Amino acid sequence: MNASLLVVRNEISDTCGPTDGGRYDFSDACSLCGTGALRIDPICLRSELLEDRVCSTLLFEIVIPRRLVPALKAVAPRCVRDVLDVTTREPTGSGELIPELYLPPWSPSTLGIIRSKQLPPCVRCDRDGHYNTIKMEPALVYDIPLPKFKVAGTYERFGRSGLRPDIKKSKFSPPLLMVDDSVREVLMNEEGVSFQPVRFSG
Ligand SMILES: [Zn+2]
């Protein structure tokens, strides 16, 4: 098995996050910023914005078009969840790609990720506040043997989180996603989708 970082260049100008009142599991979340809060419910998006191609929302929620959902559910049934319409709360036919596990922190040898002095990470968890750089694609390295998964998320989260008393106004920064060969095969010829190798050792 190999693991590949999933890179999606198509973007839809919508996002769900906690805005729809969906439930989150906070058992692995930072008590100060909320990073690590795990979405339990399906996400809700505006149906009219969904496209017939793999897209990322502005919050890096990866949306799979209806056409690819059966093939993905066949190889990774735990990693595809219905996307609901934000108004009707009915399934749209599109799916969201979700990790079945999160990896431990990556190795210091990882390249292509930056931190920002202007937008520093949370002082308590130091888990959010990672950013991509235009100079290169991320080259993720792990000092552990490759675990078995279909879709995995990074421990590190991108952008900054903010936990508010009203959960709907919070922002939980997203992970990067990596996929195994079977998921990669379903997505590999899709426009705007590319992959970067992820190195495991140990
Ligand atoms: Zn935090």
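Of the 34 residues in the largest nonpolar core, those that touch the most other members are Ile 64, Leu 97, Val 151, Leu 177, Met 178 and Val 183. A nonpolar core here is a set of buried Ala, Val, Leu, Ile, Met, Phe, Trp, Tyr and Cys residues joined through C-beta atoms within 7 Å. Two or more residues of this core come from each of E4, E6, strand E7 (80-85), strand E13 (151-153), E14 and helix H2 (181-187). In soluble globular proteins, nonpolar side chains tend to be buried together.

The model is predicted: local features need pLDDT of at least 70, side-chain atom pairs count only at pLDDT 80 or more, and totals for chains, interfaces and linings use all residues. Residue numbers start from 1 along each chain as its sequence is written.

The chain has two helices and 16 strands. Both kinds of element are DSSP runs numbered from the N terminus, with helices (H or I) of at least four residues and strands (E) of at least two. The radius of gyration, taken over C-alpha atoms, is 16 Å. The globule rule (2.2 Å times the number of residues to the power 0.38) gives 17 Å for 202 residues, which is close, so the chain is as compact as a globular protein of that length. Along its principal axes, the C-alpha trace spans about 45 × 40 × 30 Å. Of the 202 residues, 35% count as buried, meaning that 20 or more other C-beta atoms lie within 10 Å of the residue's own; exposed residues have 12 or fewer, partly exposed ones fall in between, and C-beta atoms are placed from the backbone. Contacts (C-beta atoms, placed from the backbone, within 7 Å) with a separation of 6 or more come to 71% from residues 24 or more positions apart.

One open sheet has five strands in the order E9-E13-E14-E1-E15, with mixed pairing. Two strands pair if DSSP finds at least two bridges between them. Strands E9 (101-102) and E15 (193-197) are the edges, each pairing on one side only. Strand E1 (residues 4-8) runs antiparallel to E15, and five bridges join the two. Among the bridge partners, Leu 6 has Phe 195 in E15, and Val 8 has Val 193 in E15. E1 also pairs in the antiparallel sense with strand E14 (residues 177-179), over two bridges; there, Leu 5 stands opposite Met 178. Leu 177 touches Leu 6, Ile 62, Leu 97, Pro 99, Val 151 and Gly 153, leaving aside residues up to four places away in sequence.

Another open sheet of five strands follows the order E4-E7-E8-E6-E5, and its pairing is mixed. Its edge strands, E4 (44-45) and E5 (55-56), each pair on one side only. Strand E6 (residues 62-64) and strand E8 (residues 91-97) run antiparallel and are joined by two bridges. The core residue Ile 64 has Gly 95 in E8 as its bridge partner.

Ile 40 lies outside these strands, in the loop between strand E3 (38-39) and E4. Ile 40 counts as exposed because it has 9 C-beta neighbours inside 10 Å. Not counting residues up to four places away in sequence, Ile 40 touches Arg 23, Tyr 24 and Asp 25. From C-alpha to C-alpha, Ile 40 and Pro 65 are 21 Å apart in space, and they are 25 residues apart in sequence.

How values were computed:
Two residues are in contact if their C-beta atoms, placed from the backbone, lie within 7 Å.
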